[in-house]
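Colleague: I would like a close look at one part of this model. Please take me through the place where the two chains meet.

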2 protein chains.
Amino acid sequence: MRKSLSSATPVRTRDPERTKGQILEAALSEFASNGFDGAKVHQIAQRAGCNARLIYHYFESKERLYTAALSRIYSEIRAREDELHLDTLPPEHAIKRLTETTFDFFESNTAFLAITRSENLLGGRFIAQVPEIQKMSTPFLDKISDVLTRGHAEGAFREGLDPLQLYVSIVALSAHHINASHTLSATFGCDVSGKEWRQHRRRHVVEMIRSAVTAVESTL
Amino acid sequence: MRKSLSSATPVRTRDPERTKGQILEAALSEFASNGFDGAKVHQIAQRAGCNARLIYHYFESKERLYTAALSRIYSEIRAREDELHLDTLPPEHAIKRLTETTFDFFESNTAFLAITRSENLLGGRFIAQVPEIQKMSTPFLDKISDVLTRGHAEGAFREGLDPLQLYVSIVALSAHHINASHTLSATFGCDVSGKEWRQHRRRHVVEMIRSAVTAVESTL
DNA sequence: AAAATAATTCAATTTTCATTTACTTAACCG
DNA sequence: CGGTTAAGTAAATGAAAATTGAATTATTTT
């Protein structure tokens, strides 16, 4: 019934690790550019340079592949947080550095925001299954909290700053123009993805965070 | 060949305007909750309480329906901007009001951010076709610019503030926790959609924008 | 009131796409 | 080496979903 596979078939050298890796890479960029529903399994296979069947061989389903991509992305951001070493810097520098590296991370790691967006569109269907997510938050927020406390002790920072609110703000200010680049560009008739615009924005964001934490002369 | 339609069929009262409206409403919420690829035409029809064929009758295709939904959403935000009347308020109040109403708008108009997110995921494929988009930006930015100029003239605001950067920041701070509610909640182990969290955030955002525009004692 | 128009329905048709079946063969293991 | 395992391939399957065909009838027009 089925045509015998002729010897003319181009043969792929066997290498499970490489194949798995290529699939994950391809999945990452496909899910990033098209979201979960928009991404096509065959397209991912093609980009990985392998047969679509292999995706099922190694990842079982589109959903699992997506979850794997999600995990990968969160490992990266976690690694970045570990490298920050906020505790070794004077408070003002620590906050500046946190802001700048966050801003730069989103700019260079385009997949993070894109996949995150897709996951939020899905209503967070898969995020809970990502092991990396569990152990992230608290230690990192504690580090920020330490910086804020130090800064206030020195009289440089204002009192009662909330580390979570502050960090969410840093992320928001650094991410929104990337997340919404197309609609923003269309709305304001400028190219917010352009190099100059982004440099301009970077300065604005850094200054904004600085002024949010800096103590003001007593306004009594 | 085809079975004659029996008289037992429940008959829908004919009313093109109502039907069109219901379809658009349904489309809005379907596209908002599932994005373009995730939304299903039959589901939209069902929610609109009509036959799926009517969607093609009135809107020609899924893509056109999506574009119509996009237009609708942008009309709303445009209308809101017109109602702000920033010019009648003292500068500090104007900025505060702009911040608060932006924040509140996103919270109550959940469809706007959701559809915007979908459109950005699609790489801005349709936004250019939306007529409402063309005439938005500049007049509104001019109004903000006026407020900033007035504020600086009074000595209340700092010099050289960029209206576009400021407005993008207001939007970013007001939108990010909604756009990314699921991943943020998972990451930080708290419910950023909860009422208290949002109220807390609102205060934080307002204060942040205030401190960004307020003039500081000369740091010479 | 007859004819024309267009709103509406049901059931195809067609497309797209995730997933599977059935097979082939390279690489490893004794 | 011979045999087993698992990596890989091509093509089919089947379900979901977009789109269309063709008939029906409410409403409007003349």
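How much area do chain A and chain B bury between them, and what share of it is on carbon and sulfur atoms?

Modeller: A caution before the numbers: this is a predicted model. Chain A and chain B bury about 4,500 Å² between them. Of that area, 66% is on carbon and sulfur atoms. On the chain A side, three residues lose the most area to chain B: Leu121(A), Gln165(A) and Phe188(A). Together they make up 15% of what that side buries.

Now the contact count. Chain A brings 52 residues into contact with 51 residues of chain B. The side of chain A that touches chain B divides into 24 nonpolar, 20 polar and 8 charged residues.

Next, the elements behind that side. Six helices of chain A each supply at least two residues to it. They are helix 1 (16–38), helix 6 (110–121), helix 8 (137–153), helix 9 (163–179), helix 10 (181–188) and helix 11 (195–213). Helix 9 of chain A gives the largest share, 12 residues.

Then the polar side of the story. Across the interface, 16 residue pairs are in polar contact, with both residues at pLDDT 80 or more. The count of salt bridges between chain A and chain B is 2. One salt bridge joins the side chains of Arg158(A) and Glu207(B), at 2.8 Å from N to O.

How do the copies sit relative to each other? A turn of 179° with a shift of 0.0 Å along the axis lays chain A on chain B, with an RMSD of 0.2 Å. The two copies are thus related as by a two-fold rotation axis. The contact surfaces fit that picture. Of the interface residues of chain A, 98% are also interface residues in chain B, so the copies meet through the same surface.

Finally, some pairs within single chains, for context. Over all chains, the structure holds 23 salt bridges. Among them, Arg72(A) pairs with Glu25(A), with the closest N and O atoms 2.5 Å apart. Arg72(A) lies in helix 4 (residues 62–82) of chain A and Glu25(A) in helix 1 of chain A, so this pair ties together parts that are 47 residues apart in sequence.

Aromatic pairs number 22 over all chains. Take Phe36(B) and Phe126(B): their ring centres are 5.8 Å apart and their planes are at 45°, so the pair is tilted. Phe36(B) lies in helix 1 of chain B, and Phe126(B) lies in the loop between helix 6 and helix 7 of chain B, so the pair ties together parts that are 90 residues apart in sequence.

Conventions
Residues numbered from 1 in each chain as written. Chains lettered and ligands numbered in written order. Predicted model: local features only at pLDDT ≥ 70, side-chain atom pairs only at ≥ 80, totals over all residues. Heavy atoms only, no water. Contact = heavy atoms within 4.5 Å. Buried area = accessible area lost by both parts, 1.4 Å probe. Salt bridge = Lys/Arg side-chain N within 4 Å of Asp/Glu carboxyl O. Polar contact = N/O pair within 3.5 Å; in protein donor to acceptor, adjacent residues only side chain to side chain. Helix = DSSP H or I, 4+ residues; strand = E, 2+ residues; numbered from the N terminus. Nonpolar A, V, L, I, M, F, W, Y, C, P; charged D, E, K, R; others polar. Least-squares fit on C-alpha atoms with pLDDT ≥ 70 in both. Phe/Tyr/Trp six-rings, centres within 6.5 Å; stacked < 30°, edge-to-face > 60°.
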